[in-house]
2 protein chains.
Amino acid sequence: MDITPPLSPLSHPEIREIAIVGGTHGNERSGVELVRLWEKRPELLRRPGLNVTTTLGNPRACEANRRYLERDLNRCFAPEVLDAPSSGVLEEDRARELNALIGPRGSDRMPDLCLDLHNTSSNMGLTIIFNVLDHFVEKLVAHLAANEPKARLYYQPVDPTTSEFLPSLGRHDLTIEAGPQHHGTLCADLHSRMEAMTYEMLDFCAAWNRPDFKEPPPRELELFVDWKNIDYPRDENGRIAAMIHPGVDGMDYCELPPGAPLFLDFDGRIVWNPETEPAWPLFVNEQAYYEKGIAMTLTRRTVVQW
Amino acid sequence: MDITPPLSPLSHPEIREIAIVGGTHGNERSGVELVRLWEKRPELLRRPGLNVTTTLGNPRACEANRRYLERDLNRCFAPEVLDAPSSGVLEEDRARELNALIGPRGSDRMPDLCLDLHNTSSNMGLTIIFNVLDHFVEKLVAHLAANEPKARLYYQPVDPTTSEFLPSLGRHDLTIEAGPQHHGTLCADLHSRMEAMTYEMLDFCAAWNRPDFKEPPPRELELFVDWKNIDYPRDENGRIAAMIHPGVDGMDYCELPPGAPLFLDFDGRIVWNPETEPAWPLFVNEQAYYEKGIAMTLTRRTVVQW
């Protein structure tokens with residue numbers, strides 16, 4: 001697997017402008033409550049040399065404690081939405097507002113880093129997701145992983161110019177997914193860990209900008225690289241015909257060998273993993289993905305020195 | 001605490017007609033999928049001397065994979081709803097339909113037992129809830145608890161003639177709450193246990209009716225008796241101002257002493273348990289109860305010989 005990062009135009013870009021977004025999904029409440037906290041206490045985010053802004057992604061969905069009202073906001077940042085005129089679809093209009101407010105994407109005004117705070121119902125600990133990789137991102141995520149025992153690194157390569165995800169509004173993107181947390185609820189432990197990881201990120205960026213910054217030596221890290229999504233077995237009416245097998249449910253980041261039990265149908269029959277190579281699933285049994293036809297995301301595991 | 005059951009008109013009532021309902025909440029999918037399975041394979045429910053019917057409580061909410069569309073169906077069975085004419089509120093109309101189909105409550109046509117299948121996002125294992133207690137219920141739940149290691153018994157006394165809960169459509173009521181399961185998802189392990197417990201219930205009822213039925217000797221059982229619901233701390237705008245404390249979250253059925261940490265606010269301050277006697281919380285951090293203003297239900301623990 002070749003995960004050589006694309007050549008960066010700068011080997012050591014300055015990271016000055018940082019946009020933090022919570023509540024992109026209104027029922028993922030850790031980010032919602034953190035943004036509300038930081039609006040009241042902005043001093044918590046102040047670091048020398050950094051300009052940090054916070055934004056509630058989808059305020060109307062947050063009020064309703066729902067993922068979205070009309071359309072998943074975190075799939076609304078593709079150019080065909082951003083470049084279109086007002087559509088009357090709440091989340092599409094909000095994506096254009098956020099693009100103007102935080103970006104605009106592709107312009108000189110983009111922040112150096114956009115962090116989006118999410119929760120998942122899957123057992124993913126604190127997963128750090130990034131779509132674009134360069135030397136800064138490598139060192140940043142290595143630092144975050146070193147300071148959070150539940151951290152996992154998930155690299156999901158996406159062309160930032162056509163991405164449908166919100167954090168593509170920054171020159172560098174980062175998403176924290178904290179789980180398992182039931183959507184619409186708060187888990188104090190995950191909330192505290194997400195808050196601490198955000199502060200670690202800011203501390204690292206402030207240090208990174210200093211002329212005397214010394215890179216920590218490379219560390220060996222597990223990296224999970226996006227492979228593909230798989231759906232539930234379906235019956236002739238398109239209805240889900242099986243559940244995640246108990247041996248896989250809750251086992252995000254554990255190896256799924258070829259031929260292992262994968263699903264269990266309602267008559268108690270096992271559906272076996274048809275893949276011919278091992279996979280490491282994540283977003284296993286994510287509640288919000290039932291409607292998207294995703295039972296889990298398969299990744300490939302590799303080891304990097306970052 | 002006095003939990004002497006009300007005197008039963010029959011010490012050994014026959015249990016012939018049994019109504020099983022799933023999908024009273026459309027996103028509590030264990031019961032939804034079990035009812036769909038039993039519609040295809042009714043032989044799974046057949047037992048000598050029993051007439052078992054199955055009903056999907058709220059089919060439109062099941063299709064939408066939501067708890068309800070307009071109003072919580074499992075709060076629609078109070079007389080002021082059941083006795084009213086059509087209101088145009090989906091769940092109120094459905095409650096009247098179900099009353100006619102399964103009940104009517106208070107009539108001779110009521111089933112001897114109504115079982116309602118639910119899931120909870122709380123860590124409640126397989127909780128058996130009953131609102132009305134008599135000798136049959138004692139022996140039934142003792143039997144179920146003996147056959148399911150995750151079983152817990154929760155007695156929530158409710159006057160069946162004015163109850164707002166669906167299973168009050170039966171002469172005896174039983175609810176199985178299986179969790180933790182994210183609403184809108186399926187957990188194969190809990191699904192299988194709920195299915196097995198339903199079959200145990202039918203086996204017991206079939207045996208109970210036989211003239212040669214021998215009562216098993218009384219067993220010592222933990223019983224959790226409803227005390228009261230408590231809400232989250234709120235700010236001046238009525239917004240939730242604190243999370244369940246990590247020492248309580250997920251700790252359903254564990255003793256909560258007076259003065260123990262109960263909530264944690266967003267500034268990291270502890271809110272202490274103000275009660276002066278120990279409690280055993282359940283429905284801790286239940287997702288569906290955020291909108292109801294319930295952070296958890298406090299119960300009192302007792303030991304019975306059933």
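How many residues does the contact take from chain A, and how many from chain B? In this predicted model, 22 residues come from chain A and 22 residues from chain B. On the side of chain A that touches chain B, the elements giving two or more residues are α1 (29-40), α6 (188-209) and β8 (242-244) of chain A. Of these, α6(A) gives the most, with 3 residues. By character, the residues of the side of chain A that touches chain B divide into 10 nonpolar, 9 polar and 3 charged.

The discussion now turns to the sheet of chain A. An open sheet is formed there by 9 strands, and their order is β2-β1-β3-β6-β4-β5-β7-β12-β11. The pairing in this sheet is mixed. At its edges stand β2 (51-56) and β11 (280-282) of chain A; each has a single partner strand, so one side of each is left without a neighbour in the sheet. From one strand to the next, the twist averages 30°.

One pair of strands may be followed in detail. Strand β1 (residues 17-22) of chain A pairs with strand β3 (residues 113-119) of chain A in the parallel sense, over 5 bridges. Which residue in β3(A) is the bridge partner of I20(A)? The partner is L115(A).

Finally, the helix α6(A) links the two topics of this account. It is the element that gives the most to the side of chain A that touches chain B, and α6(A) also lies across β1, β2, β3, β4 (125-130) and β6 (172-179) of chain A. Relative to β6(A), the helix α6(A) runs at about 160°.

Methods. Residues numbered from 1 in each chain as written. Chains lettered and ligands numbered in written order. Predicted model: local features only at pLDDT ≥ 70, side-chain atom pairs only at ≥ 80, totals over all residues. Contact = placed C-beta atoms within 7 Å. Helix = DSSP H or I, 4+ residues; strand = E, 2+ residues; numbered from the N terminus. Nonpolar A, V, L, I, M, F, W, Y, C, P; charged D, E, K, R; others polar. Pairing = 2+ DSSP bridges. Axes fitted to C-alpha atoms, helices over the stretch in contact; angles between N-to-C directions.
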